[in-house]
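Here is a short set of exercises on pockets, cavities, a helix and two loop residues. Have a try at each task before you read its solution.

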Amino acid sequence: MSFSEPVLAPWLLVLAGLVSLLTVGLALAQRPWQPLLADHALQHRWLAATVAVLLMWQLRAQAVEWLTLHLMFTALLTLVFKAPLALLSILLVNLAMVATGRADWSLLGINLLVTGVVPALVMVLVWRLVDRRLPDNLMVFLFVCGFFGAALSTLAAGGAAVGLMMLGASDTHALYQVMEYARFLPLLMPSEAFITGMLMAILLVYHPHWVATFNDHRYIDTK
């Protein structure tokens, strides 16, 4: 989900833009371009995934004039490429939405926060939990990260959108509409979880080395 019209107070748009800018800066500080430059196959996979996500974002429902509902794929990108490259992908997708007139330029920061920063952070936390606390089991990784993590990241993104509207909505009618939208969150979570989990299952079976957060030696070779 993402905002398509500015219905938030200007100060909140500026604040969200600063938070998103800071997060992207931290992601760039990890120098994610180094593995891209060193691995041409990774370049092709990352660019193809970014374009695919951009195309999938076109399949969206216009719930109200200022809000669109669509699958994010941020959790999947985070698992496959790790958070820095995932955030860069979502940033490029949001820039493309602005360039094509699907979203106002003033919404770039808020949309990046909702569709990129929040779900990626939640996905990283879930992955860290699996990596450090749970048994080294392929199915544990798949179901907790691929399915549960994707659902939780969708819930967090939707909750962030609702919370931002409650914090700084400039239109009382829009505030009422977002509370109605919150009822659809339980319907969005399974779809994101199913697609992410399904694609993760395919990758883990055929190309486990493509998933940056997955250690095939740890989860497969040692069993």
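Please keep in mind throughout that this is a predicted model.

**Exercise 1. The largest pocket**

Task: Find which helices supply at least two residues each to the lining of the largest pocket, and work out how the lining divides by class.

Solution:
- Step 1. Start with the space itself: the volume of the largest pocket is about 380 Å³.
- Step 2. Look at the lining, which has 18 residues. Nearest the centre of this pocket you will find Ala83, Pro84, Leu87, Ala120 and Val124.
- Step 3. Assign the lining to helices. At least two residues each come from H1 (10–29), H4 (74–81), H5 (83–99) and H6 (108–133). H6 gives the most, with seven residues.
- Step 4. Sort by class: 12 residues of the lining are nonpolar, four are polar and two are charged.

**Exercise 2. The second largest pocket**

Task: Repeat the analysis for the second largest pocket, and say which helix gives the largest share of its lining.

Solution:
- Step 1. The second largest pocket holds about 330 Å³ of space.
- Step 2. Its lining counts 15 residues, and Ala49, Leu76, Phe81, Leu199 and Leu203 lie nearest the centre.
- Step 3. Helices H3 (40–56), H4 and H9 (185–206) each bring at least two residues to this lining. With six residues, H3 has the largest share.
- Step 4. By class, 14 residues of this lining are nonpolar, none is polar and one is charged.
- Step 5. Put the two pockets side by side. H4 supplies at least two residues to the lining of the largest pocket, and H4 also supplies at least two to that of the second largest pocket.

**Exercise 3. The two sides of H1**

Task: Which residues of H1 are buried, and how are they placed around the axis?

Solution:
- Step 1. Check the length of the helix. H1 has 20 residues and spans 28 Å from first to last C-alpha, close to the 28 Å expected at 1.5 Å a residue.
- Step 2. List the residues under 20% relative accessible area. In H1 these buried residues are Leu12, Leu13, Ala16, Ser20, Thr23, Val24 and Ala27.
- Step 3. Consider their directions: the buried residues cover an arc of only 105° around the axis, so they sit on the same side of H1.
- Step 4. Turn to the other side of H1, where Pro10, Val14, Leu18, Leu21, Leu22, Leu26 and Ala29 are exposed.
- Step 5. Ask what covers the buried residues of H1: the cover includes H5, H6 and H7 (138–168).

**Exercise 4. Enclosed spaces**

Task: How many cavities of 30 Å³ or more are there, and what lines them?

Solution:
- Step 1. The count is two cavities of 30 Å³ or more.
- Step 2. Take the largest cavity, with a volume of about 60 Å³. Among its lining residues are Ser2, Phe3, Trp57, Arg60, Asn94 and Asp104.
- Step 3. Strand S1 (2–3), H5 and H6 each supply at least two residues of this lining, and H5 has the largest share, with three residues. Seven residues of the lining are nonpolar, three are polar and two are charged.
- Step 4. Go on to the second largest cavity, of about 40 Å³. Met1, His70, Leu71, Met72, Thr154, Leu188, Ser191 and Glu192 line this cavity.
- Step 5. H9 gives the most to the lining of the second largest cavity, with three residues. Its classes are four nonpolar, three polar and one charged.

**Exercise 5. Positive phi in two loops**

Task: Locate Arg31 and Lys82, and decide whether each is buried, partly exposed or exposed.

Solution:
- Step 1. Arg31 is not a glycine, yet its phi is positive, at about 55°. Arg31 follows H1 and lies in the loop between H1 and H2 (33–38).
- Step 2. The relative accessibility of Arg31 is 48%, so Arg31 counts as partly exposed.
- Step 3. Lys82, also a residue other than glycine, has a positive phi near 75°. The loop between H4 and H5 holds Lys82.
- Step 4. With a relative accessible area of 37%, Lys82 is partly exposed.

Note on methods
Residues are numbered from 1 along each chain as its sequence is written. This is a predicted model: local features need pLDDT of at least 70, side-chain atom pairs count only at pLDDT 80 or more; totals for chains, interfaces and linings use all residues. Side-chain values use heavy atoms; hydrogens and water are left out. On a 1 Å grid over the protein atoms alone, a cavity is a set of points where a 1.4 Å probe fits but cannot get out, and a pocket is an open set with protein on both sides within 12 Å along at least five of seven lines; lining residues have an atom within 4 Å of a point. Grid points are joined across faces, edges and corners, and a volume is the space filled by probe spheres set on the points. Helices (H or I, at least four residues) and strands (E, at least two) are DSSP runs, numbered from the N terminus. Ala, Val, Leu, Ile, Met, Phe, Trp, Tyr, Cys and Pro count as nonpolar, Asp, Glu, Lys and Arg as charged, and the others, Gly among them, as polar. The expected span of a helix is 1.5 Å times one less than its number of residues. Buried means under 20% relative accessible area, exposed over 50%, partly exposed in between (1.4 Å probe, protein chains only). The arc is that of the directions from the helix axis to the C-beta atoms. Contact means heavy atoms within 4.5 Å.
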